[in-house]
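Me: I am new to this structure and would like to know what lies behind the words used for it. Could you walk me through them?

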Protein chains: 2
Amino acid sequence: MALSRERILEAAVRLADRDGIESLSMRRLGQELGVDPMSLYNHVRDKEGLLDAIVDVVVGEIEPAEVDTDWKSSLRETILNARRTMLRHPWAARVIESRADPSPSTMRHMERVMDIIRGGGLPLDLAHHALHVLGSRVLGFSQDLFDDSDGVPRDAEAAAMLARQLAGSYPRLGELAAAVTHEGGLGGCDDDVEFAFGLDLILDGLERLRTAA
Amino acid sequence: MALSRERILEAAVRLADRDGIESLSMRRLGQELGVDPMSLYNHVRDKEGLLDAIVDVVVGEIEPAEVDTDWKSSLRETILNARRTMLRHPWAARVIESRADPSPSTMRHMERVMDIIRGGGLPLDLAHHALHVLGSRVLGFSQDLFDDSDGVPRDAEAAAMLARQLAGSYPRLGELAAAVTHEGGLGGCDDDVEFAFGLDLILDGLERLRTAA
DNA sequence: CGCCGAAATCTACGGTGTAGACCTACGGCG
DNA sequence: CGCCGTAGGTCTACACCGTAGATTTCGGCG
């Protein structure tokens, strides 16, 4: 089977999915394909070019939303689709952020997003703000500062212990941790609902600004 | 002058500021300090430990907000202070995102943020949501998907050209680019006002949820 | 002085991306 | 058929990286 750009990209994505992005080296990739590492350079400018390319592949996997008269629903669906894609390739967010310029499929995605926003009747300046405030969320990044579904899900005992010890130096975070780890009120911390909560808060804010204008 | 952890960290931050984070290697850093690279390992576990440490230094530079009765103003000020710090160290955001756990000064910062939020009267569950929706914004990351102050600020001619060529494949982005590059309506694209816009939209949304509850 | 422990250094190993020379196979053409 | 240009695969080699492990240096103290 002849080496080809497509085969290289497919293998690269597979390797990153399986072993993590830090394991994606030209040598490992060549090995994966049973080929000399230098052969890859006939199909890809350099490693940066390879990363550009697999980002393009992954972003290209995002499904467009169904046509829908309601701009908020369409946008919501598009962004949740993006998030689903990024969850399938956990390394992708980091790599995308490290690219200087958006890839073609990223441009296509942004165009679709912008089309939904403008089609919904938001004026150009508000649409511009919307793109900024949504930020990397339009590509499905949850952009959480740190993972507070920590404390190991099932070990409620240890989690509560950690929350209590946290409370010594950081009382406010301690009470939060205690509550999140089920001991107190809000049960657990579902990333999906948090993502949706933030997204809806932003979309609602935008709509309010639209009707105000 | 004896080598010390403090001197190492200071030099590392300086080097990253000056030459970019990708130039920060143990060898380069040793050279910067006129010392054998291996000497650094007497004060730092390994390179990851070094990165952990300089993140902690940078986040520690964030100034707390003045005491203020208005939680929204205090939080706004804290977050804008964080942003100022991050703008001084453009590499920091990327490095912070690559850490698995928050550093001590990050914890302190989060504690202050949480204290402001809770002090403002937001119930615990809403405070939890708030931390998530603010995400990395609490550390001042603008998390823009790509830099749309592109097109080279001063070269309005070329920028308009680029906008027009963009309009071929991506009409919605094209009209946006045209407007942003001053030719149309909204003049330019100020990252600071965009950051503040998004922040205020989120803060206002949170306040509305608070009063609704 | 001698000794000890910590800090600094030296050497070396296995990894990285990739430049440049080399080889090889194949399609087109006289 | 023979030839040759070219595209793609391979080989070798270089400069860099992080760091393990052995070794040397040096300041303070008995």
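**How we know what we say**

Reply: Gladly! In this predicted model, helix α2 (residues 26-32) of chain B gives the largest share of the surface near DNA strand D, 3 residues.

Me: What makes a residue count as near DNA strand D, and which residues come nearest?

Reply: The C-beta atom has to lie within 6 Å of the strand. Around DNA strand D there are 15 such residues, and A:L3, A:D36, A:M38, B:S25 and B:D46 come nearest. By class, this surface has 7 nonpolar, 3 polar and 5 charged residues.

Me: How many residues of chain B are in contact with chain A?

Reply: With C-beta atoms within 7 Å as the test, 39 residues of chain B are in contact with 39 residues of chain A. Elements giving two or more residues to chain B's side include α6 (104-119) and α10 (191-212). That side has 20 nonpolar, 9 polar and 10 charged residues.

Me: How do you know that the copies meet through the same surface?

Reply: 100% of the interface residues of chain B are also interface residues in chain A, so the surface is the same.

Me: What rotation superposes chain B on chain A?

Reply: A rotation of 180° does, with 0.0 Å of shift along its axis and an RMSD of 0.1 Å. The two copies are therefore related as by a two-fold rotation axis.

Me: Why is B:W71 called buried?

Reply: Buried means that 20 or more other C-beta atoms lie within 10 Å of a residue's own. B:W71 is one of the buried residues of α4(B), with B:L75 and B:I79 also among them. Their cover includes α5 (92-98), α6 and α10 of chain B.

Note on methods. Residues numbered from 1 in each chain as written. Chains lettered and ligands numbered in written order. Predicted model: local features only at pLDDT ≥ 70, side-chain atom pairs only at ≥ 80, totals over all residues. Helix = DSSP H or I, 4+ residues; strand = E, 2+ residues; numbered from the N terminus. Nonpolar A, V, L, I, M, F, W, Y, C, P; charged D, E, K, R; others polar. Contact = placed C-beta atoms within 7 Å. Least-squares fit on C-alpha atoms with pLDDT ≥ 70 in both. Buried ≥ 20, exposed ≤ 12 C-beta atoms within 10 Å, placed from the backbone.
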